[in-house]
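Me: I am new to this structure and would like to go through it piece by piece. Please show it first.

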Amino acid sequence: MTTLTRLPADYVQNPHEVHDLLRAEGPVREVILPHGLKAWLVTRYDEAKIALTDPRVSKNVQTGGHLMAKHSTQTHVRREIEPTLSVHMLNMDPPDHTRLRKLVTKAFTARRIELMRPRVQEIAAELIAKLNDGDEVDLLEAFAFPLPITVICELLGIPIDNRDDFREWSNQLLTFGTPEQVKAAAGAMAGFLFQHVTAIAEAEPNDTFFSALVHADDSGDRLSTEELISMAFLLLVAGHETTVNLIGNAVLSLLKNPEQLQILKDRPELIPASTEEFLRLEGPVNVATFRYTLEPVELGGVTVPADEILMVSLIAANRDPQRYENAGQLDVTRSAQGHVAFGHGIHFCLGAPLARLEFDVALTQLLARFPNLALAAEPETLGWRDSTLIRGLHTLPVRLA
Ligand code: HEM
């Protein structure tokens, strides 16, 4: 038996403290979130992996909508996302998930990603060239955000002039905005993407990623317009809300641990492998990812009944002391393989190779050009965005040198 625990109002600001306490007591705990949702929070590594692969645990968006309404006490946690944006693979179980993932994988090949390296390097270099020694900037605004949003917009063939609109819409959709704000942002995003998808579908096929996706054909099976809009939405949001925070969270961790920063400055060749440690320690998404039990499921001796919401905390699993020694500490030389920051099972992040490439390029260029960059604010004053989906700072003020 577990007891129902009310998570503190500042849970999203200090999730690690809460997770450490709960994890020490058991693998799963029934909780009430500050916004009024009742769910089962999974904090241990082994049980998180089981929950992410058990076929009795669903990611279906309709089931989710129904259970969110059933288990929440406040209306604003019931996220009525525009249906046109919801028919994407991260909201589906097999066989629908299998079908969509197969079609998109055809266009999102490892070769296509690796071919992007010179362009990613060029974009990063252009951004860095605009910055000067002695400047005080918000690193998210000046560097960490424009890099991945430019890359994903180019992949999807979307004009970069629209990027501020996307950032605004995406922020409204991922954080706890009012239902009116969420609806307006979703409507605007869906409208824009409809026009974009239609234009690409009517144009001659070419060698770009999004054209390949629009025209992807698996033995006669094609993506419908609605599926393409949802897919573009998923790629756009997943493609920038994540990497921006991986860069931001990693730089903050390094500036708080100067001896670790020194290691990477002395041995930049360690940067690609250290990516896994930054993902493990302060993964940029999914304070918890939501799942729904279709039948009773036993996790580490705790039976979660059917029709319940599971919150599988990837950032808690990644700090499980049973899995990683000194789990709460940054160690850029450790092997952090096996972390679940990109998820686990059938929904494992499709964009992982691109995210790793972007992070490697970003950190390498940043440390080479500004080896003495420093925080321009007390770490305690930096706030985290109000979301259980993303783990990212509002701003990251730094002094460049
Ligand atoms: C799925 C993390 C970057 C596209 C996921 C999931 C995680 C994740 C945890 C699984 C969610 C779940 O099971 O609930 C990350 C992190 C990133 C990143 C940490 C960067 C550091 C990207 C990028 C793209 C992308 C750059 C695309 C360009 C996707 C897609 C899925 C996904 C399409 C859904 C896959 C499916 O449902 O089969 N990502 N992601 N991600 N990610 Fe990423």
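Me: Is strand β3 mostly covered or mostly open, and how many of its residues are buried?
Reply: The model is a predicted one, in which local features need pLDDT of at least 70 and side-chain atom pairs count only at pLDDT 80 or more, while totals for chains, interfaces and linings use all residues. Residues are numbered from 1 along each chain as its sequence is written, and side-chain values use heavy atoms, with hydrogens and water left out. Buried means under 20% relative accessible area, exposed over 50%, and partly exposed in between, with a 1.4 Å probe and protein chains only. Strand β3, residues 38–42, is mostly covered, and the number buried is 4 of 5.

Me: Which residue stands opposite Trp40 of β3?
Reply: Strands are DSSP runs of E with at least two residues, helices are runs of H or I with at least four, and both are numbered from the N terminus. Two strands pair if DSSP finds at least two bridges between them. Strand β2 (residues 28–32) pairs with β3 in the antiparallel sense over 5 bridges. The residue opposite Trp40 is Glu30.

Me: Which residue in the hairpin of β2 and β3 takes a positive phi?
Reply: The hairpin has 5 residues between its two strands. One of the hairpin's residues has a phi near 100°, and that residue is Gly36.

Me: Which residue of β9 is the bridge partner of Leu41?
Reply: Strand β9 covers residues 309–312, and 3 bridges join β3 to β9 in a parallel run. Strands of a sheet pair through backbone hydrogen bonds, either parallel or antiparallel. The partner of Leu41 in β9 is Met311.

Me: Which residues of β9 point the other way from Ile309 and Met311?
Reply: In a regular strand the side chains alternate between the two faces of the sheet. In β9, Ile309 and Met311 point one way, and all four residues named for the two sides are buried. Those pointing the other way are Leu310 and Val312.

Me: What is the bridge partner of Arg291 in β9?
Reply: β6 (289–293) is joined to β9 by 4 bridges, and the two run antiparallel. Within this pairing, the partner of Arg291 is Leu310.

Me: Which strands are at the edges of the open sheet of 3 strands?
Reply: The sheet has the order β5-β11-β10 with antiparallel pairing. Between β10 and β11 (residues 397–399) there are 2 bridges, and Leu375 has Val398 as its bridge partner in β11. The edge strands each pair on one side only, and they are β5 (136–138) and β10 (374–375).

Me: Which protein residue is the donor to the iron atom of the ligand?
Reply: Donors are N, O and S atoms within 2.8 Å of the metal (3.2 Å for Na, K and Ca), and water is not among the atoms, so sites may look incomplete. The iron atom has a single donor from the protein, an SG atom 2.3 Å away. The donor's residue lies in the loop between α16 (314–317) and α17 (352–369). It is Cys349.

Me: Is Glu282 buried or exposed?
Reply: Glu282 lies in the loop between α15 (271–281) and β6. Not counting residues up to four places away in sequence, Glu282 touches His16, Asn249, Arg319, Trp384 and Arg391, where contact means heavy atoms within 4.5 Å. Because its relative accessibility is 9%, Glu282 counts as buried.

Me: Which residues in the model have a positive phi without being glycine, among them one in the loop between β8 and β9?
Reply: Most residues other than glycine have a negative phi, and most peptide bonds are trans. One case has a phi of about 60° and belongs to Asp307, which is in the loop between β8 (302–304) and β9 and counts as partly exposed because its relative accessibility is 35%. The other has a phi near 45°, lies in the loop between α16 and α17 and is exposed at 52%. The two residues are Asp307 and Asn326.

Me: Which residues are joined by a cis peptide bond?
Reply: The bond has an omega of about 5°. One of its residues, Pro95, is found in the loop between α3 (61–71) and α4 (96–107). The joined residues are Pro94 and Pro95.
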